[in-house]
Amino acid sequence: MFTLAQETEEDWWEVEALYDLCFAPGREALSSYRLRDGVARVAGMSLVARDAQNILAGAIRYWPVRIGASEALLLGPVAVHPTHQGEGLGGLLIEESLAKGSGQGWERVMLVGDAPYYKRFGFEKLADVIMPPPTNPDRVLGRELVPGAWDGISGTVQSFADAAPSP
Ligand SMILES: CC(C)(COP(=O)(O)OP(=O)(O)OC[C@H]1O[C@@H](n2cnc3c(N)ncnc32)[C@H](O)[C@@H]1OP(=O)(O)O)[C@@H](O)C(=O)NCCC(=O)NCCS
């Protein structure tokens, strides 16, 4: 019913319009957006889903971030058009994109979101990972892409643009 493809430059503004529709006004004021400023998204994992009429039904994007010397994926935004919510497309976008990330060697993924939704995909609270304020710590969630990948990782999430390079 849906066709998934990597997001292209031609898709960019259509995806932005979908996010504007699905999120509250002012979404770009969130601290997670500051982690994206001036950093290219992870193109190989950022996906669009189109329906049989080729209309955009959902999208997911990823950015790289650092916590100390460790790299992680920042999942989001993910959104599904209101006419297609509850059909499993959000889950499909999350799982298909993370499978690509694992294949590209990424070890861990984090996001800021609703635990009741994301726990079904194996996301748990990251008690030792701090998002820039204002962020509710209970919404900082992570999932391992390889076993133990979040063990011992603590500190403030930094932009790839600002963080010192890995040793
Ligand atoms: C969140 C979102 C991406 C889920 O996409 P979706 O395709 O509707 O989700 P799925 O079909 O995979 O899953 C639907 C289930 O998730 C539940 N769900 C959806 N959003 C939820 C939330 N914020 N909290 C808890 N559960 C939620 C639904 O109740 C449904 O439950 P059920 O399976 O028990 O009936 C979509 O609702 C959306 O775009 N919302 C607005 C934007 C947003 O909040 N994005 C996420 C934050 S980055």
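# Cis prolines, a ligand shell and a packed helix

User: Where is P77 found?
Analyst: Residues are numbered from 1 along each chain as its sequence is written. This is a predicted model, where local features need pLDDT of at least 70, side-chain atom pairs count only at pLDDT 80 or more, and totals for chains, interfaces and linings use all residues. Helices (H or I, at least four residues) and strands (E, at least two) are DSSP runs, numbered from the N terminus. On that scheme, P77 sits in strand β4.

User: Is the peptide bond from G76 to P77 cis or trans?
Analyst: Most peptide bonds are trans. From G76 to P77, though, omega is near 0 degrees, and that bond is cis.

User: Where is the place of P134?
Analyst: P134 has a cis bond too, joining it to P133 with omega at about -5 degrees. As for its place, P134 lies in the loop between β7 (129–130) and β8.

User: N54 has a positive phi; is N54 buried or exposed?
Analyst: Most residues other than glycine have a negative phi. N54 is not a glycine, yet its phi is about 70 degrees, and its home is the loop between β2 and β3. The cut-offs, with C-beta atoms placed from the backbone, are 20 or more other C-beta atoms within 10 Å for buried, 12 or fewer for exposed, and partly exposed in between. N54 has 8 such neighbours, so it counts as exposed.

User: And is L73 buried or exposed?
Analyst: L73 is in strand β4. Leaving aside neighbours within four places in sequence, L73 is in contact (C-beta atoms, placed from the backbone, within 7 Å) with V42, Y62, P64, G101, W106 and V109. L73 has 24 C-beta neighbours inside 10 Å, so it counts as buried.

User: Which element gives the most to the shell around the ligand?
Analyst: Of the 18 residues around the ligand (C-beta atom, placed from the backbone, within 6 Å of it), A79, Q85, G90, G91 and Y117 come nearest. Three elements give two or more residues to that shell: β4 (70–80), α3 (89–103) and α4 (115–118). With five residues, the one that gives the most is β4.

User: How are the buried residues of α3 placed around the axis?
Analyst: α3 has 15 residues and reaches 21 Å from first C-alpha to last, close to the 21 Å expected at 1.5 Å a residue (1.5 Å times one less than the number of residues). Its buried residues are L89, G90, L93, I94, S97 and L98. They cover an arc (of directions from the helix axis to the C-beta atoms) of only 155 degrees, which means they lie on the same side of α3.

User: What do those buried residues of α3 pack against?
Analyst: The face turned away from the buried side carries the exposed residues A99 and G103. The buried residues of α3 pack against β2 (47–50), β3 (56–67), β4 and β5 (108–112).

User: Which residues have the most contacts inside the largest nonpolar core?
Analyst: A nonpolar core is a set of buried Ala, Val, Leu, Ile, Met, Phe, Trp, Tyr and Cys residues joined through C-beta atoms within 7 Å. M110, for one, touches A72, L74, L126, V129, V140, L141 and G142, not counting residues up to four places away in sequence. The largest core has 40 residues, and those with the most contacts inside it are L74, V109, M110 and L111.

Notes
Two residues are in contact if their C-beta atoms, placed from the backbone, lie within 7 Å.
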